[in-house]
Structures are given as C-alpha cells and as structure tokens.
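Trainee: I would like to learn how to read domains, interfaces, burial and helix packing from a set of coordinates. Can we work through an example?

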Amino acid sequence: MRIGFLQVVFTSPCCKVIPYYVTNKQRIVLCRQAKEKLYPRKHKYLHCSCAPSTTRTKEDVLKHYEAVIGIEVHVQLATKSKTFCACPTSFGAKPNTNVCPICLGFPGTLPLLNQEVVQLATRAAVALNCEIALKTKMDRKNYFYPDTPKNYQISQNDRPLGKKGYITLPSGRNIRIHRVHMEEDSGKMLHQGASSLTGSTHTFIDYNRAGIPLIEIVSEPDITSPSEAAEYGEELRRIMRYIGVSDCNMEEGTMRLDVNISLRRRGEKQLGTKVELKNINSFHFVSRAVDFEIIRQGTLLLQGQKPIQETRLWNEKSQSTMTMRVKEVASDYRYFPEPDIPPIQLEQHQVDAIRRSMEELPAEKRKRYVEELGLSLYDANNIANELSIAKLFEATVRRGVAPKLVVNWIMSDIMKYLNQRRIDISETKLNSENLAELISLIENKTISGRIAKDILPILMEKGSSVKSIVEERGLQQLTDKDKLEQLIKDTIVSYPKEVEMYKSGKTKLLGFFVGQVMKSTGGKADPVLTNQLVKELLSNGL
Amino acid sequence: MFWRSSCAFFSCPTCRPTWRRNWKRPKRTTRTRILSQHTVHISTVIKRQLADVDNSSVLAIAENFKRGEWKAVDIVMEYLQRIHEMDKVLSAFLSVDAERALYKAQLLDEKWDKGEHLGPLAAVPVAIKDNLCTKGMVTTAGSKMLETFVPAYDATSVARLEAAGAIILGKTNMDEFGMGSSTELSGFHPSKNPWDPSRVCGGSSGGSAGAVSSGMAPFALGSDTGGSIRQPASFCGISGLKPTYGRVSRFGLIAFSSSLDTVGPMACSVAELATIFQILAGRDPMDPTSWSEAAPYSDILHRKGALDLKDVKLGVVDIFSSSLEENQVNDVMRCFLDSIRVFTKLNAQVVSISLPYLEEALAAYYVIAPSEASSNLARFDGVRFGSRQEASHISELYQKSRGLGMGAEVKRRMITGTFALSSGYYDAYYRKALRVRQCIIGQFEDLFRQVDVILCPTTPCAAFELGERMGGDPVKMYREDVLTIPPSLAGLPALSIPMGFDANQLPLGLQLIGNRQGEDLLFRVGHAFQMATDWHRQRPPIYRQYVQSSVTKSSS
C-alpha cells in the first residue's frame with residue numbers, strides 16, 4: 001500500500017497516542033514502525049475519540065448510515081464601509097489601520113447601522129427565496145473573546161431578516177434555507193510563538209476585519225452527500241455573485257463555510273451527534289472534509305462507539321480533521337435586543353423594488369437554457385456558472401446564432417483564453433456583436449474554423465470588427481475550386497514518394513497531403529473542399 | 001493632563017502646592033508664563049462681583065464677558081481658586097485641567113479682542129461628569145478600570161458646550177460607571193455634600209451637583225439613568241434636568257444602561273437649565289437613538305404670561321400611600337405641600353393622582369439596567385484600553401483586570417444582569433421587566449391625558465450620612481431611587497428643583513415630570529416656581545465662608 005502523509009490521531013480519554021499513516025485513499029492504517037517519532041507530551045492537550053483501530057471504507061459506512069449535513073455560510077457584504085462606522089472594508093490593509101473608536105468598541109461610542117448593509121442583506125434574502133421580516137431588529141450576542149472588541153457581537157437572534165427560503169441546485173434538488181441574518185465580523189488573531197493557539201506565547205489582534213458586515217446563511221440539514229455539500233456552496237456563491245451582494249472569495253475570507261455533519265442509521269428519524277467542521281477554504285475541500293468525517297464517524301459508530309459533539313478543524317496538509325474544541329455545555333450567549341440601534345422597519349414596496357431590480361437567478365437561467373434554447377443540462381450549468389458569461393451567451397444568441405455553436409465557442413476557446421490569463425470576460429474587449437459575426441463568418445465559409453481560432457485572441461485584446469481583421473490580414477477562406485485545384489496539384493507534385501505510397505494502399509497519407517495544402521495556404525483553404533479535391537486528384541492520378 | 005491626588009488644584013499658577021510624586025513638572029511654555037504673570041494681578045473686582053448669587057449665573061457670566069466687563073481668564077481663575085479652596089473638603093472633582101481651561105479662556109479673550117463671534121455660553125466655566133468623554137482629558141467614569149483612559153473624541157454634549165464657548169474646568173466625581181446613589185461608590189473617593197460635609201451629595205452625578213451647589217462651577221453636565229441627575233440635585237439644593245430619552249445625544253457617554261441613559265444639565269436655576277438645554281438638545285448623527293426631530297425650543301420663559309400657570313394642570317402624586325420612610329415624611333411632606341400652595345398661588349390647577357407601579361418600577365429598573373450594564377461593561381477587559389494587569393493567559397487577564405479594576409457594586413450589578421439574561425431566566429426576569437416597563441409607559445400616557453405636569457418629591461428623604469447606607473443591604477440604597485425611576489423607565493423628561501429645607505438645614509427637591517419632549521413646559525413651570533420662591537438662591541455654608549474669607553483677603 002502506498003503511504004501518504006504522516007498523521008497523528010489521538011485516542012479518547014485514556015490519551016495514549018498512536019501514530020497512523022494516512023494514505024491518499026483516506027484509509028487510516030496503524031503503523032507500528034513510527035512509534036518513536038511521536039511526541040505525545042507536546043500534543044497532550046488534544047483529545048478526542050477519533051482513533052479507530054480498523055477503518056471502514058466510505059461504502060461500508062454508507063451501507064448502514066446516511067449523512068445529514070447542514071451548512072452555515074458567512075458571506076461578507078460588498079459595502080464600502082463597515083457595518084457600524086465609516087471605516088473602509090478593503091482587504092489587505094496594514095493591521096489595525098482600518099479602525100476607529102466605534103469599531104474598536106471604545107467607551108462612549110455608539111454603533112450607526114449602515115443602510116447599505118440592510119439593503120444588500122435583504123437582496124440576498126430575497127434571492128434565497130426567504131420570507132422577509134419587515135419588522136426586524138439587531139440583538140447582542142454576549143461572549144468574551146479578545147477578537148470581539150465590545151465583547152458582544154451585534155447580530156440577530158429571534159427575528160432574522162429572512163427565513164424559510166430555499167435554493168435549487170444544478171442537480172435540480174431544493175435545499176431549504178433555515179434563516180438569513182445580518183451580523184458583524186470579529187477581528188483576526190495571530191498567535192505567536194507556536195503554530196497553534198495552545199503553546200503560543202503571545203497573540204496579535206488585527207481589528208481591520210472587526211465590524212465588517214456579514215450575512216449568515218444557515219441551511220436546513222437537507223444535504224446528504226459530500227458532493228452535494230460542495231454543490232450547495234458553489235450555488236450559493238453563484239447566487240451571491242449574480243446579485244452583486246458579495247464577491248464570495250474564499251481565499252480572502254469573504255465567504256466562509258462551516259459544515260455540520262452527523263450520521264444516522266438508515267431508516268431512522270433521530271439525528272446523530274453533530275460535529276462542526278471549520279477552516280474549510282475551498283469547495284473541493286468541502287467534499288473531502290465531509291468524506292473524511294463520514295469515514296471517521298462511521299468507523300466509530302460501526303465499532304459501537306459514539307462520536308462526541310465537538311468542533312473540528314479541517315487540516316489541508318494532512319487532508320483530515322482535528323479536534324479544535326469540545327463543547328461540554330451549550331454556551332449561553334445571553335441574547336437581548338440591542339438598545340443602541342432602533343428597530344429596523346422595512347416597507348413592502350422597498351422589498352418589491354429589490355425583487356424587481358434582481359437579475360435572473362442561475363437556477364432560472366439554467367431552466368430556461370434547457371427548455372427554451374435546447375441546451376444540454378451540462379452546457380446550461382456551465383454557461384450559467386458566471387453572470388458575465390451567461391450575459392455574453394444570451395446576447396450572442398439574441399443576434400440569431402445557434403445556441404449550441406455559441407456554447408462551443410465559449411466553453412472551449414473563450415474559457416481557455418480567460419483561464420490562462422485568470423481574467424474575467426468583462427476585462428476583455430469581446431462583445432456579443434463580434435462573437436456573433438465571427439461565428440456567422442464561419443457558417444458562411446468566409447473564414448475557416450482554424451482561422452477563427454486565431455482571430456479570437458485578437459478580438460479579445462483589440463476588439464475591432466471581425467470583417468476588418470479578416471480583410472486587413474487577407475484571411476478569407478479559399479473556396480475557389482480552380483485555384484485550390486492548382487494549389488493541390490503543385491503540392492502533390494512536390495511529394496512523388498508519398499504519392500507512390502498512397503497509391504500502394506497507404507490511404508492514411510491523405511491527411512498528410514491535406515495538411516501540406518493547409519500549410520501552404522496558411523490555413524485558409526476550405527478544409528472540406530480540400531479534402532474532397534485531394535482525394536479526387538490522388539485517385540485520378542492527376 | 002493633571003491628575004489630582006489630594007488637591008485638585010496643583011497646577012494653579014498662583015500657588016504651586018505639593019506636586020504629585022511621580023508627576024513631571026510641565027515645561028514652562030510661553031503660554032504658562034504669560035498666565036502666571038497675569039494671575040498676579042487677578043482682578044479683585046471680579047472676585048467680589050462673582051460672589052453675588054445673581055452675577056454668578058450662567059447668563060450673567062456670559063453677558064458680562066461679552067460686554068467686556070470681565071476677562072475670561074479672570075473668570076476661570078476665580079473658579080479655579082474656588083475649586084482649590086473648597087474641593088479639599090468636598091472632593092467633588094476627579095481631575096482639574098487648569099492649564100487647558102486657562103488656555104481656552106485666553107483664546108476667548110483674544111477672540112473678544114478681535115470682535116469675533118462668541119457663543120451663548122462664552123467664558124462660562126463648566127464641570128463635566130467623568131463619564132462623558134473629553135478629548136485629551138482623562139475620562140474614568142469613576143472607575144479604576146479607566147484610571148488612565150484618555151479618549152480621542154469629545155462627547156457630543158461636551159462638544160456642543162465647547163462650541164458655545166463654555167470652558168471645561170475639570171471632571172467631576174461619580175459612582176463607578178453611574179452605579180450608585182451617593183457618590184460613595186466611586187472608585188477613587190467619596191464626595192461630600194456642601195451643605196454638610198458629613199453627608200453624601202447623592203449620586204451618581206454627585207460631583208457635578210456638589211460643584212454647582214458650592215459655586216465651584218456655574219453649571220455642570222450630569223447623566224441620569226435612574227435618577228442620577230435629579231437625586232444629587234435634590235440633595236445639594238440645585239436644579240437638574242433629566243431630558244426626554246434621545247433628546248440629548250448619548251454619543252461619548254460611557255454607557256451604563258443604553259435604553260435609560262440620558263445626559264442633562266445641572267445649574268442653580270431653571271432659567272439657566274433652559275439656556276443650556278437649548279444648546280445640548282437636538283439630533284446627533286452619531287447617536288441613532290437621538291430624536292430625529294430638531295428641538296424646537298422657543299424662549300418660552302420670556303413670553304408674556306409665561307409666569308402665570310392658569311393654563312397648566314398639575315398632577316400631584318399622592319405620596320401618603322407610597323412607601324416613604326417614616327421619620328423623613330414630615331419634612332418632605334411639609335415642603336411638598338408648601339410648594340403645591342405656591343403653584344396654587346400661581347393659578348395652576350392642581351389635581352391629585354397616584355403612581356401605582358412604584359414598587360414594580362423599582363424592581364424592573366434593577367433588572368433592565370444591570371442587564372444592559374452587564375453587556376455594556378464587557379468591553380472593559382484590559383485588552384484595548386483602560387487598566388490592564390499582567391497575566392499569562394487571556395482568561396487570567398480578564399479576571400485580574402476586571403477583578404481589580406471594578407468595584408463591588410459594579411460586580412454585583414453585572415452578576416445580577418448576567419443572571420437575568422441567562423437562558424432559562426430571561427423570560428422570568430428580563431422579558432417580565434420589559435413588560436412592566438410597557439405598563440409604566442402606558443400608565444404615564446394615561447396620566448398625561450389628564451394633566452400636563454406631574455409633581456412629586458425627588459427623594460423620599462434629605463441627604464443621608466456618609467457610610468450610613470454602605471455595606472449591608474444594597475436594596476436600601478436602591479430604594480433611594482423609588483420616585484425618580486418611573487419617568488426614567490418611560491423615557492420622560494423630569495426636573496428637580498429645590499423646594500425647601502428639612503430640620504437639619506438640608507435641601508429637599510421637588511420633581512416635575514413632563515410629557516415626552518415636554519421640557520419647555522417643565523422649564524416654564526419650574527421657572528415660575530423659582531420666580532415665586534428663593535430656595536434656589538440659597539447657598540451652602542462652605543460657599544458663604546469662602547466668599548467671606550476670600551473677599552476680605554483680597555480687599556485687605
């Protein structure tokens with residue numbers, strides 16, 4: 001068996017440390033040789049019940065159990081200033097430069113609710129098909145932690161802005177949204193002197209992030225598989241980007257996922273013990289982390305043990321989860337209405353205006369593409385993935401180009417160009433007019449597909465009309481039969497050896513001749529016609 | 001920055017007493033040299049003129065300054081000297097920034113010389129309660145926790161006063177974070193009542209009340225959560241206004257209970273309060289709970305017929321049924337009945353009403369206020385500002401910093417509040433208290449359909465002795481607020497004005513409760529009362545002694 005990373009997994013209360021190797025197949029196997037390499041004392045603070053002696057496979061676990069997954073997502077709203085003060089929300093500023101007495105919670109300061117936050121949050125809640133609470137309020141969530149300047153977080157408790165919503169995944173399944181509420185972010189702590197919190201000698205706090213507006217989107221536990229968890233996250237990000245609420249950049253932390261996962265025996269109603277997963281910073285890792293947890297919890301359950309309720313951190317390096325903290329008792333946040341912020345009163349017409357101003361959402365787009373434009377589900381998903389691409393697609397189709405042709409161009413050459421340069425379509429000069437022209441020029445055989453592929457980068461960089469490029473550079477397709485015939489004759493003559501071979505039965509050489517003709521014309525020869533003529537001329541023996 | 005230890009006035013250029021041990025003598029700048037030369041020739045005329053009660057009112061000072069009779073520096077010097085002389089006994093101030101005050105005064109004098117525009121409070125010295133943030137001056141809220149805290153911003157109320165030309169003398173003592181009714185619970189030292197230094201001056205704005213009453217400042221800013229302006233005003237024989245909640249910006253007020261806190265003025269007479277209130281009131285973009293309507297306060301006191309109260313219906317609270325303490329009832333009742341008689345003479349209609357939920361209001365207050373305080377005071381953890389103890393772990397830092405920085409009463413209320421908000425108790429305490437609050441608001445709404453202003457004594461008794469209510473049952477101290485809490489819970493404006501003296505020559509206060517945003521009517525009724533009486537013109541013995549000794553000294 002190939003061995004992957006060295007991974008330390010700790011046993012439950014007895015706290016005897018056993019080393020394991022983790023393979024790239026996520027199977028955990030006991031390794032007897034590595035014992036002396038470990039330093040149990042150093043890691044003594046960690047304890048959990050994640051030390052299965054023989055690990056089961058995922059299939060094994062899923063035979064008996066099903067996963068119940070709920071996801072909490074924090075999305076940073078794309079406002080210019082923070083939730084309660086005028087500090088900028090820009091990412092990457094020097095530590096503690098985007099701060100003021102208000103977001104540092106200095107004595108005597110009062111929070112001033114940014115109206116843009118309510119606007120954007122309502123927009124998000126509407127997009128998630130939530131019931132909007134017209135009368136809502138902010139609450140205080142009290143807990144002591146140094147990254148929370150006031151030692152309470154202004155959030156929403158019993159009257160969230162939106163509840164009972166749902167989103168439709170590309171697969172067609174609906175995932176219900178439990179609630180959507182506004183809150184403020186906390187600061188960032190940098191532990192110094194050790195790689196983890198425990199053992200560090202001192203801690204730096206950066207309050208730039210403190211007070212940045214967030215919405216928390218809590219799903220119902222409707223998600224049943226790791227891939228669906230990732231799909232949910234992606235769809236949520238798509239929606240948020242569509243409606244301009246957030247750029248949902250997981251690396252910059254403008255979108256953060258916490259996954260709650262428990263296993264329950266198939267056929268049973270009662271939910272199992274919930275484990276919360278944090279620190280997952282890509283959708284790819286969402287499914288990996290959930291996979292790992294299903295195996296870990298399943299192995300425990302199949303051994304007759306029970307997972308404990310805890311918060312676990314996803315470790316990207318070891319591709320596994322580790323205990324972060326164990327919740328002994330439910331913490332009491334002592335919520336009460338925030339007395340410094342008057343209740344928020346939304347009017348129905350405001351909500352309606354937001355609803356009217358909303359872009360068509362990805363789910364609707366996908367449905368329309370499949371039903372009206374006849375795209376395959378796969379193509380529809382790809383095109384609807386990004387709003388700018390979808391807009392280009394629709395505009396081009398509106399100019400009378402066959403949808404399937406547009407999809408092919410977008411999904412192959414255009415996406416390749418964009419991905420290579422890591423840019424968005426809006427950063428190029430390509431517009432629907434040019435794209436439609438390009439495709440129609442291929443259709444009426446003015447240019448060949450190969451030439452078109454060469455023209456595309458020019459279009460995207462410079463943006464002038466396709467016709468002018470074609471004329472300027474003399475790229476029209478060679479469709480004149482006589483001219484082409486002459487050209488082919490010339491080519492054939494210069495390769496007498498190959499002609500002989502062809503005649504003796506090596507018909508595969510046809511492609512060689514066509515290639516040579518193409519080469520000599522700079523790709524302008526009409527490929528179908530060339531093929532036909534070469535065949536004719538070779539068999540007719542000139 | 002000048003931090004007082006035993007004497008509030010160690011930076012006075014005329015006398016340089018013992019400096020605080022580890023305090024560095026400031027560099028002698030040109031400014032201080034000019035000032036110290038100037039003060040040699042301090043005007044004895046001003047001293048004598050200011051000794052007169054009428055001349056030392058806010059309005060008179062501003063007027064005399066604007067007319068060019070008095071120099072701002074001289075006015076400030078006189079008040080600094082009063083603080084120097086009297087605060088030794090009264091301990092009303094926590095810090096006095098003489099240099100800053102004199103500098104501001106000098107600027108005003110220069111402004112006057114140039115003929116520039118002067119604000120309505122030009123050259124009027126003011127004492128600020130220490131829970132109102134003052135830019136560049138230590139603001140402690142009476143707590144050791146904030147012993148070294150220097151805010152980088154002014155409270156809106158302070159900024160408005162300074163913009164109107166007022167000169168800040170210093171910061172006055174208070175119960176720690178406003179939690180107390182005697183100023184004995186200050187984290188630093190208790191303040192004493194000018195009428196009898198063996199007694200308390202009330203609280204929590206006790207320092208402000210003492211400073212105004214003894215003439216150490218013509219007026220002061222206080223804050224009122226459950227009676228913290230009115231009760232000390234009553235104990236010290238001055239007038240104090242708790243405005244409608246939201247009428248004066250709370251920005252810069254170190255929060256005790258956000259839904260109850262108000263900032264208000266304290267002065268000798270209602271006419272002065274009206275002038276100051278005009279400057280303080282109004283919408284503040286920094287306080288989202290401030291009223292969006294502007295304060296359309298017209299100069300109601302000088303309107304024709306303002307002193308005739310024939311169109312005003314007064315509701316007199318039937319205090320016989322409420323639980324006042326037996327031995328004090330006689331004096332309070334006598335004065336109360338006397339003042340009602342004054343109002344009848346002023347042609348006001350008087351009807352008897354009752355406040356049935358007094359006990360419930362007290363209980364609700366002592367659930368709501370500590371609950372909010374437990375959350376508001378969580379930010380004092382030693383991480384970002386304030387005093388910080390050495391610790392090896394974050395929870396140790398919290399425990400040590402908060403444990404050593406905060407007093408017993410603050411801890412008691414925070415524990416009470418934390419308990420009341422805990423899950424499982426929230427409904428039984430906090431939610432129930434909010435329901436009581438709604439009841440009280442409804443009750444006042446009913447009452448104000450029948451009457452225009454409600455009258456009752458401010459406190460059930462006169463100032464008590466220092467230490468009398470310390471230790472033992474804290475509820476005894478809480479009961480002090482039984483008559484001031486209902487309007488606080490309802491967010492209504494209330495005025496406390498002197499209404500006489502008890503057998504020990506201690507002042508007693510009369511509380512006038514107005515309808516929402518009804519400050520102007522309160523001023524009119526209060527002013528009419530003061531025009532008909534002279535209780536507000538009485539000065540405590542310590543002031544009379546000072547005037548006598550200093551005037552004779554300066555003339556000899």
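The dialogue below takes these topics in turn, using a predicted model.

Trainee: Let us begin with domains. Which residue ranges make up domain 1 and domain 2 of chain B?

Mentor: In chain B, the domain assignment gives 30-299 + 538-547 as domain 1 and 303-532 as domain 2. Taken over C-alpha atoms, the centres of these two domains of chain B are 22 Å apart.

Trainee: How many residues does each domain of chain B bring to the contact?

Mentor: Domain 1 of chain B contributes 58 residues and domain 2 of chain B contributes 54. On the domain 1 side, the elements giving two or more residues are strand E5 (196-200), helix H8 (230-236), strand E7 (239-242) and helix H9 (270-280) of chain B. H8(B) gives the most, with 6 residues. Sorted by class, that side of domain 1 of chain B has 26 nonpolar, 22 polar and 10 charged residues.

Trainee: The interface between chains can be read in the same manner, I assume. Which helices of chain B each supply at least two residues of the side that touches chain A?

Mentor: Start with the totals: 35 residues come from chain B and 24 residues from chain A. On the chain B side, helix H11 (358-376), helix H12 (394-405) and helix H13 (408-421) each supply at least two. H11(B) has the largest share, 3 residues. The class count for the side of chain B that touches chain A is 20 nonpolar, 9 polar and 6 charged.

Trainee: Now a single residue. Is Val397(A) buried or exposed?

Mentor: Count the C-beta atoms around the residue; 20 or more others within 10 Å is the cut-off for buried. Val397(A) has 22 within that distance, so Val397(A) is buried. This residue lies in helix H8 (residues 387-398) of chain A. Leaving aside neighbours within four places in sequence, Val397(A) is in contact with Leu373(A), Pro403(A) and Val406(A).

Trainee: And helix packing?

Mentor: Two packed helices are described by the angle between their axes and the distance between the axes. Take helix H10 (residues 432-443) and helix H12 (residues 466-473) of chain A: their axes come within 9 Å and cross at roughly 55°. H10(A) and H12(A) are therefore oblique to each other.

Trainee: Which residues make the contact of H10(A) with H12(A)?

Mentor: Asn434(A), Glu437(A), Leu438(A) and Leu441(A) come from H10(A), while Val466(A), Lys467(A) and Val470(A) come from H12(A). By class, this contact has 4 nonpolar, 1 polar and 2 charged residues.

Conventions
Residues numbered from 1 in each chain as written. Chains lettered and ligands numbered in written order. Predicted model: local features only at pLDDT ≥ 70, side-chain atom pairs only at ≥ 80, totals over all residues. Domains from an automatic or database assignment. Contact = placed C-beta atoms within 7 Å. Helix = DSSP H or I, 4+ residues; strand = E, 2+ residues; numbered from the N terminus. Nonpolar A, V, L, I, M, F, W, Y, C, P; charged D, E, K, R; others polar. Buried ≥ 20, exposed ≤ 12 C-beta atoms within 10 Å, placed from the backbone. Axes fitted to C-alpha atoms, helices over the stretch in contact; angles between N-to-C directions. Parallel < 35°, antiparallel > 145°, perpendicular 65-115°, else oblique.
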